[in-house]
Amino acid sequence: MATEVNGNAAQVKEEEEPMDTSSAVSHSEHYQVLLDAGLPQKVAERLDQIFQTGLVAYADLDERAIDALREFNEDGALSVLQQFKESDLSHVQNKSAFLCGVMKTYRQREKQGSKVQDATKGPDEAKIKALLERTGYTLDVTTGQRKYGGPPPESVHSGPQPGIGTEVFVGKIPRDLYEDELVPLFEKAGYIWDLRLMMDPLSGQNRGYIKNVLLLF
C-alpha cells in the first residue's frame, strides 16, 4: 500500500506480527554456570532441565561429575543424561557419584560395542517404601550396590558394630529379587546391621549375591 508524504510516495510496511516465544526454552540461574564450565549448549540445556524437574539439585553435582561429563561428545553426554534422568533416584544419597557411575557404565558399553539396554524391571517401589517405613532403616542406592541399613536405627541397635563371625555371604540369588523379599528372610535369623545387594550396572539387575549381611544375634 502506498501513500503520499510531502509529495513523495512512501511505502508503508504492515506491522510485523509479534514473535511467538511460548516455546522458548527457559533456563535456571545455573545454566550459564554450566556453559562457563565448558559443557556444550545442548548438554547444558538438558542438565538444566533436569535441575528444573526437581529430581536433582545443582548442589547435588560436584565438579568431578561436571568435568567427567565434559569429556563426552555431545551425543554421548545427552545419552548419559537421559539414562540418569530415567533412573530411580529416590534412594540415591550421592547423586554425583551415581551420575559418574552411569558415565562409567556407558563407557563400558561402548568398549563392548553394545547398545544401552532397555530398563529392566526393578524392585516394586511401593513394597520397598513399605519395608523402610516398617523397619526405619535407610536404603542407599549406587550403580554398583544397594545398601540397606549400616548402621540400623537406634531402636534396633545402639551399640558398637558387630564383629567377626557375624558376616554372611549369600549367593545364587535370583536376579530379580530385592530387599522387600530378602530382608524378611534374614530377619528370621537376627536383626540386620546392613545388607549389601550387589548390582550389575550393565543389566540393571542384581549380580546374584549379597556381599555382606551383618546380623545382630
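Contact is taken here to mean heavy atoms within 4.5 Å. The structure described is a predicted model, and its secondary structure comes to seven helices and seven strands. Along the sequence these elements follow the pattern β-β-α-α-α-α-α-α-β-β-β-α-β-β. Of the 217 residues of the protein, 38% count as buried, and the exposed surface comes to about 13600 Å², of which carbon and sulfur atoms supply 49%. Among the contacts with a separation of 6 or more, 62% are accounted for by residues 24 or more positions apart.

The surroundings of V141 give a local view of such contacts. V141 is placed in strand β3, and its relative accessibility of 10% lies under the 20% limit, so that V141 counts as buried. When residues up to four places away in sequence are not counted, V141 touches H91, V92, F98 and R146. The C-alpha atom of V141 also lies 7.1 Å from that of Q93, although 48 residues separate V141 and Q93 in sequence.

Strand β3, which comprises residues 139-141, runs antiparallel to β4 and is joined to β4 by three bridges. The connection between β3 and β4 is a hairpin that passes through three residues, and within this pairing L139 stands opposite Y148 of β4. On its other pairing, β4 is joined by five bridges to strand β6, residues 191-199, and these two strands likewise run antiparallel. In the pairing of β4 with β6, R146 stands opposite L197. Strand β4 is mostly covered, in that five of its five residues are buried. In a regular strand, the side chains alternate between the two faces of the sheet.

R146, which is one of the residues touched by V141, also takes part in one of the ion pairs of the model. The structure holds five salt bridges, and in the one formed by E179 with R146 the closest N and O atoms are 2.9 Å apart. Because E179 lies in helix α7 and R146 in strand β4 (residues 145-149), this pair ties together parts that are 33 residues apart in sequence. Both partners fall under the 20% limit that defines buried residues: E179 counts as buried at 1% relative accessibility, and R146 counts as buried at 6%.

Helix α7 contributes to a further salt bridge, in which the side chains of E187 and R134 meet with an N to O distance of 3.1 Å. This pair links distant parts of the chain, since E187 belongs to helix α7 (residues 179-187) and R134 to helix α6 (residues 125-135), with their positions 53 residues apart in sequence. With a relative accessibility of 32%, E187 counts as partly exposed, whereas R134, at 52%, counts as exposed.

A salt bridge within a single helix is formed by R107 and E110, whose closest N and O atoms are 3.8 Å apart. Both residues lie in helix α5, where their spacing of three residues corresponds to about one turn of the helix. R107 is partly exposed, with a relative accessible area of 33%, and E110 is also partly exposed, with a relative accessible area of 44%.

Helix α5 is, in addition, one of the elements against which helix α4 packs. The residues of α4 that count as buried are G76, A77, L78, V80, L81, Q83 and F84. These buried residues pack against α2 (41-53), α3 (63-70) and α5 (95-112). At the start of α4, a side-chain oxygen of N73 reaches to within 3.3 Å of the backbone nitrogen of D75. The length of α4 can be compared with the value expected at 1.5 Å a residue: the 13 residues of the helix, 74-86, should span 18 Å, and the end C-alpha atoms are 18 Å apart, so the two values agree.

Conventions: Residues are numbered from 1 along each chain as its sequence is written. This is a predicted model: local features need pLDDT of at least 70, side-chain atom pairs count only at pLDDT 80 or more; totals for chains, interfaces and linings use all residues. Side-chain values use heavy atoms; hydrogens and water are left out. Helices (H or I, at least four residues) and strands (E, at least two) are DSSP runs, numbered from the N terminus. The expected span of a helix is 1.5 Å times one less than its number of residues. Buried means under 20% relative accessible area, exposed over 50%, partly exposed in between (1.4 Å probe, protein chains only). A polar contact is a pair of N or O atoms within 3.5 Å; within protein, one must be able to donate a hydrogen and the other to accept it, and residues adjacent in sequence count only if both atoms are side-chain atoms. A salt bridge is a side-chain nitrogen of Lys or Arg within 4 Å of a carboxyl oxygen of Asp or Glu. Two strands pair if DSSP finds at least two bridges between them. Accessible areas come from the Shrake-Rupley method with a 1.4 Å probe; for residues, only the protein chains shown count as cover.
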